[in-house]
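Student: I would like to learn how to read features such as salt bridges, burial and pockets from a set of coordinates. Could we take one example and work through it together?

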Amino acid sequence: MGNLGRSTIARKPNETMRLIVTTFVGVVFGFLIGVSFPTLSLTKLNFPSNLLPSIDLSYIEDKNSGLSTQTFLHAWSSMKANRNSSTQAQKSNDTLKIWVPSNPRGAEGLPPGIVASESDLYLRRLWGKPSEDLTIRQKYLVTFTVGYDQKNNVDAAVKKFSGNFTIILFHYDGRTTEWDEFEWSKRAIHVSVRKQTKWWYAKRFLHPDIVAPYDYIFIWDEDLGVEHFDAEEYIKLVRKHGLEISQPGLEPNRGLTWQMTKRRGDREVHKETEEKPGWCADPHLPPCAAFVEIMAPVFSRDAWRCAWHMIQNDLVHGWGLDFALRKCVEPAHEKIGVVDAQWIVHQSVPSLGNQGQAQDGKAPWQGVRERCRREWTMFQGRVANAEKDYYKAMGIDPPNSTAH
């Protein structure tokens with residue numbers, strides 16, 4: 001019995017030493033294994049983020065760093081900052097699309113500061129600083145729809161418009177280069193589409209956002225005599241009398257259709273007239289007031305914005321438009337008028353009519369004239385129906401007056 005107890009006591013220190021040695025060898029072996037193999041990059045593993053909420057992955061990847069406590073804390077702070085940044089970036093993904101209702105349609109996703117919603121017709125250079133391109137910014141715009149056969153008449157008309165005017169020629173006959181014989185033609189804008197009218201051109205090339213820099217827009221025919229006309233003086237009178245839509249008075253004996261547009265020799269401007277009995281149901285409505293013709297109209301910027309929207313894409317002659325222009329200003333009988341002190345002569349040259357096509361034994365101009373009248377009827381119907389539909393949708397009884 002005594003020998004057994006002594007043997008057990010003697011073995012205990014040996015087992016303890018063996019356990020210590022085994023543990024030490026395991027630690028050393030694990031360390032050697034750890035430094036002998038490439039580090040497993042946790043960033044390459046697709047662990048759910050909530051499983052690794054506080055692990056600094058960059059710290060784990062650096063197997064040779066030997067980080068101090070201070071360095072470790074710095075890495076920890078960086079990790080938290082990166083997590084916060086990632087969270088904010090994720091949230092901002094939903095708000096990066098800037099939605100600004102005041103931006104033009106289709107540009108709501110742009111920062112407002114970069115949006116250029118309007119343009120101009122100012123000519124630019126191909127060199128130098130953009131800020132130095134323009135020596136003058138024209139305040140007014142004049143367009144003529146022309147054929148080369150009327151070049152002398154157009155030349156005389158253009159020279160009545162000062163350097164404050166941008167000049168556009170719409171060429172219905174396709175001839176453009178021949179106009180270079182005139183010095184002013186080299187700074188004019190030339191648009192050429194064969195056999196089209198000025199209202200076709202105006203709808204497609206004079207959008208209100210394109211002509212926004214201009215205070216007044218002249219949309220004129222090519223057959224106007226301008227011996228007694230000066231554009232700058234004309235604008236002074238338009239401003240003086242508060243006209244938003246106007247035209248020069250017509251010399252009484254030439255090309256006169258309506259009494260309203262007949263020149264009065266005893267005044268600067270008139271805004272109403274007397275017509276044949278039964279022609280004017282209301283003295284404040286066309287053709288006795290609120291009326292100018294479509295041969296030589298002049299629009300303010302705001303009035304043109306309205307008129308442009310009223311021009312129909314398929315009704316190219318503009319007949320009937322003059323009776324509806326009153327819808328673009330209020331009160332129309334005060335803001336639409338004829339400037340008598342600056343007057344013109346309508347020469348009634350049927351040049352555009354001759355661009356038509358002979359059909360069924362009719363001369364080209366006859367077919368053009370028939371379409372003009374047909375368009376007038378169609379336009380009247382469209383205006384009347386549009387008003388009727390609107391009042392019906394709003395549940396309102398329509399007024400007695402509609403388009404004429």
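Student: Is arginine 305 buried, partly exposed or exposed?

Tutor: Keep in mind throughout that this is a predicted model. Burial is read from relative accessible area, where under 20% is called buried and over 50% exposed, with partly exposed in between. Arginine 305 has a relative accessible area of 32%, so it falls in the partly exposed class.

Student: With which residue does the side chain of arginine 305 form a salt bridge?

Tutor: A salt bridge is read from the distance between a side-chain nitrogen and a carboxyl oxygen, with 4 Å as the limit. Here the side chain of arginine 305 meets that of aspartate 209, at 2.8 Å from N to O. Because aspartate 209 belongs to the loop between helix 5 and strand 4 (216–220), while arginine 305 belongs to helix 7 (residues 301–310), the pair ties together parts that are 96 residues apart in sequence. Aspartate 209 is partly exposed, at 24% relative accessibility.

Student: How many salt bridges does the structure hold?

Tutor: The structure holds 17, and sequence separation is a useful thing to look at in each pair. Glutamate 233 and lysine 236, whose closest N and O atoms are 3.3 Å apart, both lie in helix 6 (residues 231–240), and because they are three residues apart there, about one helical turn separates them. Glutamate 233 is partly exposed, with a relative accessible area of 36%, whereas lysine 236 is exposed at 52%.

Student: Which residue forms a salt bridge with lysine 240, and where does that partner lie?

Tutor: The partner is glutamate 268, and the two side chains meet at 2.9 Å, N to O. Glutamate 268 is found in the loop between strand 6 (245–250) and strand 7 (269–270), and lysine 240 in helix 6, so this pair ties together parts that are 28 residues apart in sequence. Glutamate 268 counts as partly exposed at 31% relative accessibility, and lysine 240 as exposed at 57%. Salt bridges can also be linked into a network, as they are for Arg124, Arg125 and Asp133.

Student: Why is helix 5 described as largely enclosed by the rest of the structure?

Tutor: One reads a whole element by asking how its residues are classed, and in helix 5 six of the eight residues are buried, so the helix is largely enclosed by the rest of the structure. The buried residues are Lys198, Trp199, Trp200, Tyr201, Ala202 and Lys203.

Student: How much space lies in the largest pocket, and which residues lie nearest its centre?

Tutor: Rolling a probe the size of a water molecule over the atoms shows where empty space is left. In this model, the largest pocket has about 1,000 Å³ of space. Its lining is made up of 32 residues, with Asp221, Trp319, His346, Arg369 and Cys372 nearest the centre. Helix 5 (198–205), helix 8 (321–324) and helix 10 (364–394) are the elements that each give two or more residues to this lining, and helix 10 gives the most, with six. By residue class, the lining has 14 nonpolar, 10 polar and eight charged residues.

Student: Which residues form a nonpolar patch on the surface?

Tutor: A nonpolar patch is read by looking for nonpolar side chains that are accessible and lie within a set distance of one another. Tyr390, Met394 and Ile396 form such a patch, with about 310 Å² of accessible area together. Isoleucine 396 is placed in the segment after helix 10, and with a relative accessible area of 40% this residue is partly exposed.

Note on methods: Residues numbered from 1 in each chain as written. Predicted model: local features only at pLDDT ≥ 70, side-chain atom pairs only at ≥ 80, totals over all residues. Heavy atoms only, no water. 1 Å grid on protein atoms, 1.4 Å probe; cavity = no way out; pocket = protein on both sides within 12 Å on 5 of 7 lines; lining within 4 Å. Points joined across faces, edges and corners; volume = space filled by probe spheres on them. Helix = DSSP H or I, 4+ residues; strand = E, 2+ residues; numbered from the N terminus. Nonpolar A, V, L, I, M, F, W, Y, C, P; charged D, E, K, R; others polar. Patch = residues over 30% accessible without salt bridge, like charges linked within 9 Å, V, L, I, M, F, W, Y side chains within 5 Å. Areas by Shrake-Rupley, 256 points an atom, 1.4 Å probe, with all protein chains shown as cover. Buried < 20%, exposed > 50% of the residue type's maximum accessible area, 1.4 Å probe, protein only.
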